[in-house]
Amino acid sequence: MIAPRRIEDIVEAMLAYHPGANVDLIRRAYMYSAKVHAGQIRKSGEPYLVHPLEVAFLLTQLRLDEASVATGLLHDTVEDTLTTLDDVKTMFGPEVALLVDGVTKLSQIRFDTDEHKQAENFRKMLVAMAKDIRVIMVKLADRLHNMRTLTHLVAAKQQRIAQETMDIYVPLANRLGMNWVKSELEDLSFCYLQARDYQDLKLKVDNLYAERKEYVDKVIHVIKDELAKRSIDCEVQGRPKNLYSLFKKMAGRDMAIEDVHDVIAFRVLVDSVSRCYEVLGHVHSLWHPVPGRFKDYIAMPKPNRYQSLHTTVIGPEGERIEIQIRTLEMHQVAEEGIAAHWEYKESAKMGEKSRQQFAWLRQLLEVQQDLKDPNEFLDTVKYDLFTDEVFVFTPKGEVISLKRGATPVDFAFSIHSQVGTHCSGAKVNGRMVPLRHELKNGDVVEIITNPQQKPSKDWLAFVRTGRAKSKIRAFVRIAERERSRDVGRELLERELKRYGVSLQRLIKEGRMQAVAEETHYGNEDALFVALGYGRATAAQIAEKLVPDKATPEPAAAPSALGQFIRKVAGIGSRGTGGVVVQGMNDVLLRFARCCSPLPGDPIVGFITRGRGITVHSTNCTRALDLDPARRIEVTWDGKGASGRPVSLRILTADRPGILAMISQAFSANGINISQANCKVTSKDRAINTFEVIVKDADQLRKVIKEIRDLGGVLGVERL
């Protein structure tokens, strides 16, 4: 067991990389933290002070400044003791108080809530990060120590915190370039989320590394000897890749550990960029390079400033090995990311490189200002923050980073909203391509615009970036609202004719505006839109506009338009599926096939012309394409609706008895299999697709967890 960290360990570590640090500030922060946390105990039984000491020490490993380290010692004082922010400001200054305040706000964020609240919490996190990036770095250190001590919590809480870490903090650490933090958080989360897979893979990698230790030493020795002949000073390392990255690779490519050639990555560290390319030449002279497996991240760094040369060669004994070549400074940046730079500590203003590095953060801030709908905002964040990238060029040679799988339309919107709006065609590497063409690394993209061109709803099917999606959705919604406004106006004019009243006169008299305010629609246009969408009926509004008039003339037999309105309003149609629409059951409704929501899933309804209310899951991407003005509140009625069909894909090893175990898991949970399709693939794998009938989301989650824990099951996903 590692001995508890002491304040002297922190001070010593700080002075090692920052000899002029104000260690008095750190000592005072320690004394104060010890005082206010006195008597508090962690779940492990240790004094609470152990946690802030460990967080502060982790921040010294990231080579942060004294204000950040002091914040690590004080980060829980405002939340967990009687300390106020004013107390911190008085004793430790405004800079530390600002950081403590930012971390305190992030600590109050809980990601196990509904999608709406989670989205709003994302907004808080982005704003806190934009004010001072050190806030999220302290929070990452806090989360890392909590993950290291997660074993002391109950299983349900372990799962929730691990999932939250994988969803939020791992991608943030990756974006900030903090590789060792990202890798450790990934593996710790993996350990709790898929314990059987983690233990199985860890044992295999440990055994493989032990077996290959002699081979690893041989490769290192050959590289060192070759470079020593050329008088090149270097450091050569060989170590296994982190477990979760290997697991993703194996699952994604349906591979066994024996088939993964780059379980162990070799690194060569030298003193200059020119040496990197020189070493690359010598490595390629030693062993044949594998075509298509060379990447130059020095000439074209990743957005988080990662730089390195990656090459795969046929090494000793005919085995493929991956070799990474970088300078010592690049290695520090690769491991520590933004923490390897002092720009943000020395000046409130970011340098140009930092501004480029945090372009993704600025874009997300712009999006959170533009998008009022929380579910759409959350969808955009997931698209833009947590994805791999592709690098393409403008005709002038500027590098543009986009989500992998991006198209010319995504590129156009990344240049400017107007370029995207009027994009009518594209050339890639000088050749005309369809707008849905998938861009590749190194492509030179030229956009052709036409002032008459407008975004099409069809574009939503192939664009990949959150920015493009949000801009297209906004344009489509405006067009839909205009059409609905015209329909609503026409409906009200027809209804008012039965009273012998002119709509135009009511508008001039201000009566329309008064009724719009009375019905909480705000203005005339919004009221017309509500009528067009079916959120209000023309008869209801007409009665408010002319309350003193005689009874209107009897309406003729329902026209096609009238039948449509009755359908949209849900008149005379009985709801199904155990869903209540704004407190009423008597509504025509249907479940969206795109997401097939289950009882217990968070849901939202949309008024659909001609089909009443369509019920979607709140996180359904297709629902996000719909106008929020058409949204209507829906809830499960809790009366235990009949089962609903769900499709599951289960990847397994091809072994006798495994289907029987899966069937038994379904049966034990009271779930009926309505359809099954099993297909054996190469490398002793089988893909099994089941359609099952489940009563609610909890039942589905329970059976998925049980199936994942079965021996031989490699993955389970809901289709």
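The following exercises, with worked solutions, concern a predicted model.

**Exercise 1.** Determine how helix α25 is oriented relative to helix α26, and which residues form the contact.

*Solution.*
Step 1. Helix α25 spans residues 511-518 and helix α26 spans residues 524-533. The two pack at an angle of about 65°, and their axes lie 8 Å apart.
Step 2. That angle makes α25 roughly perpendicular to α26, because angles of 65 to 115 degrees are classed as roughly perpendicular.
Step 3. The crossing of α25 past α26 is left-handed.
Step 4. On the α25 side, Met512, Gln513, Val515 and Ala516 make the contact; on the α26 side, Glu524, Leu527 and Phe528 do so.
Step 5. Sorted by class, the contact of α25 with α26 comprises five nonpolar, one polar and one charged residues.

**Exercise 2.** Establish the strand order of the open sheet of three strands, and identify its edge strands.

*Solution.*
Step 1. The order is β10-β9-β11, and the pairing is antiparallel.
Step 2. The strands β10 (431-433) and β11 (445-449) each pair on one side only, and they are the edge strands.
Step 3. From one strand to the next, the twist averages 35°.

**Exercise 3.** Describe the pairing of β9 with β11, and state which residue of β11 is the bridge partner of Cys423.

*Solution.*
Step 1. Strand β9 covers residues 423-428 and pairs with β11 in the antiparallel sense over five bridges.
Step 2. Thr449 in β11 is the bridge partner of Cys423.

**Exercise 4.** State which strands helix α21 lies across, and at what angle α21 runs to β11.

*Solution.*
Step 1. Helix α21, residues 408-415, lies across β9, β10 and β11.
Step 2. Relative to β11, helix α21 runs at about 80°.

Notes:
Residues numbered from 1 in each chain as written. Predicted model: local features only at pLDDT ≥ 70, side-chain atom pairs only at ≥ 80, totals over all residues. Heavy atoms only, no water. Axes fitted to C-alpha atoms, helices over the stretch in contact; angles between N-to-C directions. Helix = DSSP H or I, 4+ residues; strand = E, 2+ residues; numbered from the N terminus. Parallel < 35°, antiparallel > 145°, perpendicular 65-115°, else oblique. Left-handed = near helix turned anticlockwise from the far one by under 90°. Contact = heavy atoms within 4.5 Å. Nonpolar A, V, L, I, M, F, W, Y, C, P; charged D, E, K, R; others polar. Pairing = 2+ DSSP bridges.
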